[in-house]
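Grab your viewer and a pencil: here are a few exercises to work through. Each one sets a task and then walks through a solution.

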Amino acid sequence: MKAAVLVFPGINREHDMARALKLISGKEAAMIWHTETELPAGTDLVVIPGGFSYGDYLRCGAIAARAPIMQAVRKHADKGGLVLAVCNGFQIACEAGLLPGVLMRNAKMKFMCKEVHLRIERSDTPFTRGYNAGSVIRVPVAHGEGNYIADAETIARLEGENRVAFRYASADGKVDPHFNGSMNAIAGIFSEKLNILGLMPHPENHVDPVVGPTDGRRLFESLVETLAA
Amino acid sequence: MKARVIVTLKTGVLDPQGKAIESALKSLGVEGVESVRQGKIFEIEVAGADRAKAEAKLKEAADKLLSNTVIENYRVEIL
């Protein structure tokens, strides 16, 4: 799996992501600076990592979404290439129009930095084929703006097309509608062709038993398996 | 030419920051505040003297970057 991790000023989770990719795929990810206009030839997976690009100025992800490299990401995605957008990356993907909706300030104004439970909504995607639909995983979140909002029509469409990837839930899989204010407890969504996944939680931080739970591993294993198939 | 772009949240979009400000005003004893919605004002200097052209440029700026039209409205004022 040839992965490219995008780096913007103010991004700070790119090394966690690169480490997880190396650990699970065995291959070093390319780190791509935002002023580049091309992805490395043969890139299978583009990762937009977490952090605080441009200090969250204007709106979270708004300035990074207009960086030169994003044109190349759009081209990659249009051809069906895989894109994983985590946390600030999810905000950037929404601002860039790769995914619908927007992530607003958490409803209770709190920065949520904790481990959460996510319910896996479907297992027939390149990102989640290693999980069982309906199962619950534990992963950390760290965000102040993860409150997913879209107009009623977009939400109906996402639900109708089964494009919700993960929902905030309790340990036994009961959806938690009050976690951060997200509509329908949405923690992550897929693009129409299921080749882009955006999510607020950090699966890359739960991949190594040294750290604790390893529930995030299967996401990366799913990608490796998809690309090997 | 001086201009302003004013960006506000669309009606119906929840504004947690506005809510927090509203309750802070209430606890400060500022009476009669019924609700607060937070927005942004951009003060922009535009080259040239053609108002229509400036307005078109600023609309482009607002559409491309200054506002997110999923949740926000904007208006342009040439001063």
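Helices and strands here are DSSP runs, a helix being H or I over at least four residues and a strand E over at least two, numbered from the N terminus. Keep in mind that this is a predicted model.

**Exercise 1. Work out which helices and strands chain B has, and how spread out the chain is.**

Step 1: Count the elements. Chain B comes to two helices and three strands.

Step 2: Put them in sequence order. Reading along chain B gives β-α-β-α-β.

Step 3: Check the spread. The radius of gyration of chain B is 16 Å, while the globule rule gives 12 Å for 79 residues, so chain B is more spread out than a compact globule.

Step 4: Look at the box and the burial. Along the principal axes, the C-alpha atoms of chain B fill roughly 45 × 25 × 15 Å. Buried residues make up 9% of its 79 residues.

Step 5: Look at the contacts. Of the contacts in chain B with a separation of 6 or more, 66% come from residues 24 or more positions apart.

Step 6: Ask about confidence. Chain B averages a pLDDT of 95, and 100% of its residues score at least 70.

**Exercise 2. Describe the contact between chains A and B.**

Step 1: Count each side. Chain A puts in 14 residues and chain B nine residues.

Step 2: Sort the chain A side. Its residues divide into seven nonpolar, three polar and four charged.

Step 3: Pull up the predictor's scores. The complex gets an ipTM of 0.86 and a pTM of 0.95.

**Exercise 3. Find the strand order of the open sheet in chain A, and say which strands sit at its edges.**

Step 1: Lay out the order. The nine strands of this open sheet run β2-β1-β3-β4-β11-β10-β9-β6-β7 in chain A, and the pairing is mixed.

Step 2: Name the edges. β2 (30-33) and β7 (136-143) of chain A each pair on one side only.

Step 3: Add the twist. From one strand to the next, the twist averages 25 degrees.

Step 4: Go to the β2 edge. Strand β1 (residues 3-7) of chain A runs parallel to β2(A), joined to it by four bridges. To pin down the register, note that A:A4 stands opposite A:A30 in β2(A).

Step 5: Go to the β7 edge. Here strand β6 (residues 112-120) of chain A is antiparallel to β7(A), with eight bridges between them. A:R119 stands opposite A:V136 in β7(A).

Step 6: Look at the β6-β7 loop. A:S135 sits in this loop of chain A. Its C-alpha atom is 5.6 Å from that of A:I120, although the two are 15 residues apart along the chain. A:S135 has 14 C-beta neighbours inside 10 Å, so it counts as partly exposed.

**Exercise 4. Compare the burial of side chains along β7(A) and β11(A).**

Step 1: Start from the general pattern. In a regular strand, side chains alternate between the two faces of the sheet.

Step 2: Apply it to β7(A). A:I137, A:V139, A:V141 and A:H143 point to one face and are buried, whereas A:V136, A:R138, A:P140 and A:A142 point to the other and are not.

Step 3: Turn to β11 (residues 196-199) of chain A. A:I196 and A:G198 on one side are buried, and so are A:L197 and A:L199 on the other, leaving both faces covered.

Step 4: Check the neighbours of β11(A). Strand β4 (residues 82-86) of chain A pairs with β11(A) in the parallel sense over four bridges, and A:A85 stands opposite A:G198. Strand β10 (residues 186-190) of chain A is antiparallel to β11(A), with three bridges, and A:I189 stands opposite A:G198.

**Exercise 5. Track down residues with a positive phi in chain A, including A:N162 and A:N184.**

Step 1: Recall the background. Most residues other than glycine have a negative phi.

Step 2: Take A:N162, whose phi is near 50 degrees. Its place is the loop between α4 (152-160) and β9 (164-169) of chain A. A:N162 is partly exposed, with 14 other C-beta atoms within 10 Å.

Step 3: Take A:N184, with a positive phi of about 55 degrees. This residue lies in the loop between β9 and β10 of chain A. A:N184 is partly exposed, with 14 other C-beta atoms within 10 Å.

Step 4: Finish with the hairpin of β10(A) and β11(A). Five residues lie between its strands, and A:L194 takes a positive phi near 65 degrees.

How values were computed:
Residues are numbered from 1 along each chain as its sequence is written. Chains are lettered from A and ligands numbered from 1 in the order in which they are written. This is a predicted model: local features need pLDDT of at least 70, side-chain atom pairs count only at pLDDT 80 or more; totals for chains, interfaces and linings use all residues. Two strands pair if DSSP finds at least two bridges between them. Axes are lines fitted to C-alpha atoms, for helices over the stretch in contact, and angles run from 0 to 180 degrees between N-to-C directions. Two residues are in contact if their C-beta atoms, placed from the backbone, lie within 7 Å. Ala, Val, Leu, Ile, Met, Phe, Trp, Tyr, Cys and Pro count as nonpolar, Asp, Glu, Lys and Arg as charged, and the others, Gly among them, as polar. A residue is buried if 20 or more other C-beta atoms lie within 10 Å of its own, exposed if 12 or fewer, and partly exposed in between; C-beta atoms are placed from the backbone. pLDDT is the predictor's confidence in each residue, from 0 to 100. The radius of gyration is taken over C-alpha atoms; the globule rule is 2.2 Å times the number of residues to the power 0.38.
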